[in-house]
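Visitor: Can you walk me through this one? I'd like the charges, then the surface, then the backbone oddities.

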Amino acid sequence: MVQQQRKLGIREYVSISILMAGAKVTEDTPTMLYKGVQNAAWMIPILAAGIFFIPFLLLNKTLLLYQNKDLFSVIVKLLGKYIGFCVCLLIFLISSIGISFDTRTYTNIIRTFYFPTTPIFVIYAILMAICAYGAKKGIQHIGSVSYLIVFYAVIFLYIALMLSAQSSSIQAVFPILGPGPFKIIKNSVRGLSLFADFFLLTMIIPFLRSGKEVRKGTWISYLFITFQLSVAVLVYICLFDTSLGTIGYPFHTLIRFISLGSYLPNVEIIFFVIWLLSAFIRFTVFIYINGMMFGYIFKIKDIEYLIPALAAIYLLIGSMPESSIEIAQSKLVVIAAVGPVFTIISVILWLAAVLRGEFKHAKNRNSM
């Protein structure tokens with residue numbers, strides 16, 4: 001695929017990262033976290049971020065040894081042609097399954113709250129068609145649109161959370177440790193999937209201007225998303241208390257009950273539009289990255305022709321489960337696997353670079 005020469009800046013990169021990873025607070029992720037550790041669920045994003053920090057730091061140090069190389073190129077260089085192929089294929093399959101179930105989750109949200117009489121397949125097909133069209137435009141266009149949207153997405157999220165505070169009770173967070181430290185730590189390991197998007201975003205490193213912007217943008221968005229996830233889950237706990245475990249989509253339940261005075265009693269449509277634009281960007285990036293992965297694995301340069309086909313495949317996979325319960329169960333399996341798998345791969349790549357002496361070679365080159 002022929003790309004424009006313009007590179008992404010730190011603003012576009014941070015915007016993409018926030019829209020991708022930050023969207024988890026508006027779907028069923030908070031409910032899943034609450035089911036694991038009840039009122040201590042707000043701690044999971046912080047602890048998971050702390051656990052994932054070291055492997056992710058090692059991964060970034062390894063990737064930055066190779067200028068303008070994406071994740072798959074580095075994997076094949078460090079692990080060899082055949083092992084590297086298997087690892088790349090595993091990442092692609094996990095990402096593909098994840099995007100299939102995530103897009104179906106968003107389709108269920110749209111139908112349940114906003115278009116209850118529209119067939120699911122119609123909503124799903126429109127969602128995937130728009131995202132595929134956006135992905136074909138290229139990562140530079142996606143970055144520009146992300147930068148235009150991210151401010152409104154973040155502001156409207158925090159407005160919704162603040163407006164709900166009048167009906168919240170801080171007593172809902174006690175006892176602080178919920179079911180106990182052991183269960184919190186156990187669920188924090190499962191919570192590593194909250195930051196899996198950052199692992200996948202390393203595929204677009206070649207499109208950024210410099211390694212310095214990669215480092216700064218990554219850690220700015222990483223800290224911001226950790227804060228946002230924790231705060232949002234805490235607000236949901238204070239607002240819904242024990243009923244959070246039975247609410248499939250707490251954000252959309254929340255915005256249906258907030259108002260801006262007597263003149264604007266029903267403002268959920270405003271939040272819905274911003275949320276929908278953010279969803280389009282999120283899955284557009286996912287489809288583009290998966291197209292890059294598929295193109296690299298099978299040596300296809302013109303990935304623009306792959307994107308509609310991949311979108312259609314994800315549509316078919318996501319349409320297989322008949323109910324939201326089946327979707328939730330399938331997502332739990334993916335969530336349990338994706339975090340540990342990506343963490344292990346990150347550590348293995350760093351170890352391979354150390355054993356091959358890549359860090360020493362880089363140090364010698366810099367000292368010359």
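Visitor: Is Lys331 buried or exposed?
Guide: Lys331 counts as buried, because its relative accessibility is 5%. Buried means under 20% relative accessible area, exposed over 50%, and partly exposed in between, with a 1.4 Å probe and protein chains only.

Visitor: What kind of model is this, and what got filtered?
Guide: The model is predicted: local features need pLDDT of at least 70, side-chain atom pairs count only at pLDDT 80 or more, and totals for chains, interfaces and linings use all residues. Residues are numbered from 1 along each chain as its sequence is written, and side-chain values use heavy atoms, with hydrogens and water left out.

Visitor: Back to the lysine. Which side chain does Lys331 meet in a salt bridge?
Guide: Glu27, at 3.7 Å, N to O. The pair ties together parts that are 304 residues apart in sequence, because Lys331 lies in helix α14 (residues 324-355) and Glu27 in the loop between α1 and α2. A salt bridge here is a side-chain nitrogen of Lys or Arg within 4 Å of a carboxyl oxygen of Asp or Glu. Helices are DSSP runs (H or I, at least four residues), strands are runs of E (at least two), and both are numbered from the N terminus.

Visitor: Why do such side chains pair at all?
Guide: Opposite charges can pair when their charged atoms come close.

Visitor: And which arginine meets Glu27?
Guide: Arg282 does, in a salt bridge of 3.0 Å, N to O. Glu27 sits in the loop between α1 (10-21) and α2 (29-37) and Arg282 in helix α12, so this pair ties together parts 255 residues apart in sequence. Glu27 is buried, with a relative accessible area of 2%. Arg282 is buried as well, at 1% relative accessibility.

Visitor: What else does Arg282 bridge to?
Guide: Asp197, at 3.9 Å, N to O. That links distant parts of the chain: Arg282 in helix α12 and Asp197 in helix α9 (residues 196-201), 85 residues apart. Both residues are buried.

Visitor: Which residues make up the network?
Guide: Salt bridges link Lys24, Glu27, Asp28, Asp102, Asp197, Arg282 and Lys331.

Visitor: How many salt bridges in the whole structure?
Guide: The search finds 8.

Visitor: Which buried charge has no salt bridge?
Guide: Glu213 is buried and has none. The nearest side chain of opposite charge is Arg209, 4.1 Å away. Lys and Arg count as positive, Asp and Glu as negative, and His and the chain ends are not counted. Glu213 is in helix α10.

Visitor: What does Glu213 touch?
Guide: Leaving out residues up to four places away in sequence, Glu213 touches Leu8, Gly9, Ile10, Tyr13, Leu208 and Thr218. Contact means heavy atoms within 4.5 Å.

Visitor: Surface next. Which residues form the positive patch?
Guide: Lys61, Lys212, Arg215 and Lys216. Patch residues have over 30% relative accessible area and no salt bridge; like charges are joined within 9 Å, and nonpolar side chains (Val, Leu, Ile, Met, Phe, Trp, Tyr) within 5 Å. A charge is placed at NZ of Lys, CZ of Arg, CG of Asp or CD of Glu.

Visitor: Which helix gives the most to it?
Guide: Helix α10 (residues 211-240), with 3 residues. Lys212 is in that helix and counts as exposed, at 55% relative accessibility.

Visitor: And what forms the nonpolar patch?
Guide: Ile170, Phe174, Ile176 and Leu177, with about 360 Å² of accessible area together. Areas come from the Shrake-Rupley method with a 1.4 Å probe; for residues, only the protein chains shown count as cover. Ile170 is in the loop between α7 (139-163) and α8 (181-190).

Visitor: Backbone now. Which peptide bond is cis?
Guide: Phe174 to Pro175, with omega near 0°. Pro175 lies in the loop between α7 and α8.

Visitor: Where do positive phi values turn up outside glycine?
Guide: Gln38 has a phi of about 55°, in the loop between α2 and α3 (44-63). Gln38 is partly exposed, at 29% relative accessibility. Asp241 has a phi near 55° too. Asp241 is in the loop between α10 and α11 (250-255) and is partly exposed, with a relative accessible area of 35%.
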